[in-house]
Amino acid sequence: MSQAPITPITLRGAVGKLAGWEIEPAERRGTVLLVPGFTGSKEDFEAVLPLLADSGYRAVAYDQRGQWQSEGPDEVSGYTMADFVGDLQGVVDQISPDEPIHLVGHSFGGYVSRVAVVERPGRFRSFTLLASGPSSVEDINFPPPQTVAQMVEAGGQELIWQQMSTALFEAGQRPSPARMEFLHQRILQTKKANILGILACMTEPPLKDPSALRDSGVPLLVAYGDTNDLWAPEVHEAFAKQLNAQTVVFHGSGHVPNEDVPEQVSAALVNFWKEQA
């Protein structure tokens, strides 16, 4: 494990401060930005960041607007896909103004990231969709976003937490009490408008034509677990073929391989990036 510490950083978002983490290797081979998904945060990559630094990569992760420790508006209208993408593009310019970076988007973070790649492909050395399928509209084991939004409107963040914690236990996962408390507090401190805004974004595919991502010229990797969480393996595989992307499967892992098998995720990313050198 890397001896370099994870350092908290503050990034500029379009509507306020974005909380981030950064880890710097002894000798830098490149910079990677990791973007969390729905109800997530930079902490989702806590185990991966030091491993990437061990391999020579400066690694940065951040909370998207309104998530956990990042500022964001109180109005749902401030959480459009364009808003999330604009923040991501701004973060890229702050952390690496002169050199393209490797981009990793987990779940909804992959939705935001793929739009950013299509917008400015020259800013990215590679792009990895980590447990991030085609859309939340079809071929996904997730209630319709409009239905979830109605539930959140009625029950708020606590209702989301009750559902998440139940799902964890039903999946046989038993996080430590400290981890459960963190997950609970993160949900409560994530703005309700963020949750509703993301659900609104999920009502349509992030890209109307996925071939735009394939045609961006940015090397693509589709990496996913095979335990049928959210998207079935065959959905990821078909998506990868549509994108002409490489694939990596984390056997026995679910929707968060970055937490389940961080060593495998880090190794897969580093191997992919080395191929692009």
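These exercises, with worked solutions, concern the interior of a predicted model.

**Exercise 1.** Find which residues line the largest cavity, and sort the lining by class.

Solution.
- Step 1: the count comes to 1 cavity of 30 Å³ or more.
- Step 2: the volume of the largest cavity is about 50 Å³.
- Step 3: its lining consists of A131, Y224, G225, D226, T227, N228, D229, W231, H236, S253, G254 and H255.
- Step 4: sorted by class, the lining holds 7 polar, 3 nonpolar and 2 charged residues.

**Exercise 2.** Determine which members of the largest nonpolar core touch the most other members, and which helix gives this core its largest share.

Solution.
- Step 1: the largest nonpolar core has 58 residues, and those touching the most other members are L33, L88, F108 and F124.
- Step 2: helix α2 (residues 81–95) supplies the largest share of this core, with 7 residues.
- Step 3: leaving out residues up to four places away in sequence, L33 is in contact with V60, Y62, L88, V91, V92, I95, I101, H102, L103 and V104.
- Step 4: there is also a second, separate core of 24 residues, with V32, L34, F45 and A223 among them.

**Exercise 3.** Decide whether A268 is buried or exposed, and list what it touches.

Solution.
- Step 1: A268 lies in helix α10 (residues 262–276).
- Step 2: buried means under 20% relative accessible area; A268 has 13% relative accessibility and therefore counts as buried.
- Step 3: not counting residues up to four places away in sequence, A268 touches L221, V248 and F250.
- Step 4: for V248, the separation from A268 is 20 residues in sequence and 7.1 Å in space, C-alpha to C-alpha.

Methods:
Residues are numbered from 1 along each chain as its sequence is written. This is a predicted model: local features need pLDDT of at least 70, side-chain atom pairs count only at pLDDT 80 or more; totals for chains, interfaces and linings use all residues. Side-chain values use heavy atoms; hydrogens and water are left out. On a 1 Å grid over the protein atoms alone, a cavity is a set of points where a 1.4 Å probe fits but cannot get out, and a pocket is an open set with protein on both sides within 12 Å along at least five of seven lines; lining residues have an atom within 4 Å of a point. Grid points are joined across faces, edges and corners, and a volume is the space filled by probe spheres set on the points. Ala, Val, Leu, Ile, Met, Phe, Trp, Tyr, Cys and Pro count as nonpolar, Asp, Glu, Lys and Arg as charged, and the others, Gly among them, as polar. A nonpolar core is a set of buried Ala, Val, Leu, Ile, Met, Phe, Trp, Tyr and Cys residues joined through side-chain atoms within 4.5 Å. Buried means under 20% relative accessible area, exposed over 50%, partly exposed in between (1.4 Å probe, protein chains only). Helices (H or I, at least four residues) and strands (E, at least two) are DSSP runs, numbered from the N terminus. Contact means heavy atoms within 4.5 Å.
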